[in-house]
Amino acid sequence: MDALALARWQFGITTVYHFIFVPLTIGLAPLVAIMQTAWVRTGNERWLRLTKFFGKLLLINFAIGVATGIVQEFQFGMAWSEYSRFVGDVFGAPLAMEALAAFFVESTFLGLWIFGWDKLPKKIHLACIWAVAIATNLSAFFILAANSWMQHPVGTTYNFETGRAEMTDIGAVLTNPTVLAAFPHTITAAFLTAGTFVAGIAAWWMVRKVRQGDEATARDVYRPAVVLGLITMIVAGIGVAVSGDAQAKLMFEQQPAKMAAAEGLCESTDGASFSLLAIGDLTNDCAGVTHLIEIPGFTSFLATGDWNGHVRGVDELQDYYAQWISDWEQENGVAPTFDDDTRFYPNLAVTYWSFRLMIGFAIGSAALALASLWLLRKGSVTGKVWFGRLGIAVIATPFLASSFGWIFTEMGRQPWSVAPNPNPSGIDGVWLMTRHGVSVVAGAGTILTSLVGFTLLYGVLAVLWFKLMKRYAIEGVAAGEKDPSPDGRSGDDSDAPLSFAY
Amino acid sequence: MELTDVWFVLIAVLWTGYLVLEGFDFGVGMLLGLLPRKEDRERERRVMINSIGPVWDGNEVWLLTAGGATFAAFPEWYATLFSGFYLPLFLILIALIVRVVAFEWRGKIDSPQWRAWADRALIFGSWLPAVLWGVAFGNIVRGVELDADHQYVGGFFALLNPFALVAGAVTTLIFLTHGAVFLALKTDGAIRERAAATAARLSVVTLVVAGAWAIWLQLAYSGKGWTWVAVAVAAVALVLLVLATRARREGPAFVASAVAIVGAVVLIFGSMYPDVMPALDPANSLTVDNASSTDYTLTVMTWVAVVLTPLVLLYQGWTYWVFRKRLTAEHIPASVGLTFDPPAEPVAVGSGSGSGSDGSGPDDSAGTPGA
């Protein structure tokens, strides 16, 4: 493999890996904050016990999220130096803002939250976890603004002298319609992940407690946790669907090739069908694609809101992009950047299946939500074994859906690093093919070294992460958590052991 | 002052923040393998780790911010530096990754092997960046082989030149001393005594090596008169550091080692200016002008930095205030880690969780120091 392929694999592996842990942190931090708020407001010890229990899981997860995030900050420069030169003027800004406005807050206040249980007044300590929760979400906004600019560049001009993109309007970059759709979609997906995680674990424990004859704990501690997770799942689930629909409509406009590829749609059609199952050699060209099950008109409806709307297929788009880019290059005396073999649409199989898997894995959370709604109605608890097993089994599904969603978004952007957008919203010249963005001086051997190194290390850490999460979930909620805050204490306790130490 | 100069200074400030704050984190991490006594190793290690427990993560963010700010303000610098120094940076990243998870996961499992691996990760994850950041900065200030497109073409082994290797020794020594001084300031009991004694010994070696390197830098690579001031400030700070550690004046000693690091950063950045990355052929050097973003981007980022940086300093300062108390072995609670094998029979909640220390203090039998 050449440096380009290796660099793409490396970025894909490290990013997907990072995003296994990110949604859980983004969603779970606010849920833990809500649990702690419930404790501070009601004084009910169950919420303190739940806060501590899910707080431990949050911290185990947070550590690996941070560790895998560090790499991302530098990888642009390491493996994608030419990309970094081209976009730095625009792309660097949200990255730097993310660090200044969000990373500092979350890292500092998480330290205060972990070690501050017995050092800070109760409400200040509570404010710390809220600061962490808000900062993790803020950080998502900035990095999504950066990513959305790659999908749909705005607020930028092309400088012919330097051959670089230059920012002209930060407001436009931060209110890019693409990020305004991507942010709610990502955040609601993260809440769906965390809601399923909380409900799944608590459901398993509730069943276990009932079967151990300890119905009191099941009812008093675990049921409220399932309900909190359930509410989160329902609200987030609706949010995911609505924001996903908005995003799809935007995508048909801004990145038609991505959506055409996702539908395996080769020829432009009015009233295009939505393909549920397709077979054939999707990777090379449209010739081999056979659609087996279809919903008539649904793709047109998704794209345009009209069952008979016109949707452009891959073949038409190929010609459209080739014509547009080469016209612009000739007009402006820019050397041709592609040849006849260049494809202007992504890998059909990956986009087709990742899109369907993203949507399909939502069934996991939906199943758990429906089962919970039925079994827990009117304040009841349940000891049904299948319910506990279902809770554990579906925890993985929103993680998988999130991963496939990102694989779809990012692989669907190929062959571009910075995608050109059709007029009238596109900016001429502000586009960059992925193959032109890779580092010049980092050879294949160098990138292979880091690819192997990161993958092996990440593999080991993922196994440890899973064992720790599983072990701490199996430990369950501790009994008799005492209020550790200094509010309720008196006298000198300077020699008492810390309430928490590494 | 041009905005490009403002951002040159700002990035120097971010690196200063990183090296001063992570400097003692690295020092503590490196000393984990050296300071604790055999007979009470586990507890003394925990005292050391917890002396930086609440703050190390925030300290590390200074690096991410320096990286992000370089990308935003000087994209050419960011691209050339990180693609050129690919392998050293890769090693640093590996070290930082294992260090992060070791901090958070060390206490989660109550087993000697688990802790031993976490300690290895912490020690390795502290030594490697301490050395490599020095080597990197040594090369940056010395100048590297850039071609006309500002691409680094010198290869990996050109980075291992004598000046850069001595620079690696300098950062390692400064961080070791800085960490020892920090521990003497933040802990009490036996570990404080040994940290103070170690700091007193290390400071002399640091004075000699760092002083010699600074003069080497000034004579060979600076070409500016005023950077002698930075050399002098660093040298005076290091002399005061030697005196303060001998006199067991821990506060002043910490200030002195911090000022020495500030002096070193000013010397390095001052010598380079107006280059951000000097090339062996000066015609190919990256400068604050040819590496920078547009005026518009710099203006936007200046506003962001002006508003947010004071806030960051304020709440990070407050964190240090909240956790200002000295730590002793008595403050360290018994391990609440679990074992990987869950209890065999239905977990009667509350039993077997290992959290038996309800205010009665550590209940292990390995005698408490100072008793």
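Hi everyone, let's start with a helix in chain A. Helix H7 of chain A covers residues 215-254, and at 1.5 Å a residue its 40 residues should span 58 Å; the end C-alpha atoms are 54 Å apart, which agrees. Please keep in mind that this is a predicted model. That helix has a bend in it, too: H7(A) turns by about 40° at A:Tyr222. Within four residues after the bend comes a proline, A:Pro224.

Now over to chain B and its annotation. An unreviewed UniProt entry lists eight stretches of chain B under "transmembrane region": residues 6-35, 85-105, 117-136, 156-185, 197-219, 225-244, 251-273 and 300-323. I looked at two of these in the model. Residues 197-219 of chain B are 100% helix and 0% strand, with the end C-alpha atoms 34 Å apart. For residues 300-323 of chain B, the figures are 96% helix and 0% strand, and the end C-alpha atoms lie 35 Å apart.

So how do the two chains meet? The size of an interface is often given as the accessible area lost when the parts come together. Here, about 7,800 Å² is buried between chain B and chain A, and carbon and sulfur atoms give 73% of that area. In residues, 89 from chain B are in contact with 88 from chain A.

What about polar interactions across that interface? The rule finds 24 residue pairs in polar contact between chain B and chain A, counting pairs with both residues at pLDDT 80 or more. On the chain B side, the elements giving two or more residues to the surface that touches chain A are helices H2 (41-51), H3 (56-73), H4 (75-84), H5 (86-105) and H11 (295-322). The rule also finds two salt bridges across the interface of chain B and chain A. One salt bridge joins the side chains of B:Glu76 and A:Arg85, at 2.7 Å from N to O.

Taking all chains together, the structure holds 26 salt bridges. A nice one within chain B pairs B:Arg106 with B:Glu42, the closest N and O atoms being 2.9 Å apart. This pair links distant parts of the chain, 64 residues apart: B:Glu42 is in helix H2, and B:Arg106 is in the loop between H5 and helix H6 (112-142).

Last, some backbone details for those of you who like torsions. Most residues other than glycine have a negative phi, and most peptide bonds are trans. Against that background, the bond from A:Gln414 to A:Pro415 is cis, with omega near 10°. A:Pro415 is in the loop between helix H14 (396-411) and strand S7 (416-418) of chain A. Chain B has a cis peptide bond between B:Tyr273 and B:Pro274, with omega about 5°. B:Pro274 lies in the loop between helix H10 (250-272) and strand S1 (275-277) of chain B. Finally, A:Lys378 has a positive phi of about 55° although it is not a glycine, and A:Lys378 is found in the loop between helices H12 (362-375) and H13 (385-394) of chain A. Thanks for listening!

Conventions. Residues numbered from 1 in each chain as written. Chains lettered and ligands numbered in written order. Predicted model: local features only at pLDDT ≥ 70, side-chain atom pairs only at ≥ 80, totals over all residues. Heavy atoms only, no water. UniProt positions renumbered as here; feature names shortened; annotations may be inferred. Expected span 1.5 Å × (residues − 1). Bend = angle between axes of the 7 residues up to and from the residue. Contact = heavy atoms within 4.5 Å. Buried area = accessible area lost by both parts, 1.4 Å probe. Salt bridge = Lys/Arg side-chain N within 4 Å of Asp/Glu carboxyl O. Polar contact = N/O pair within 3.5 Å; in protein donor to acceptor, adjacent residues only side chain to side chain.
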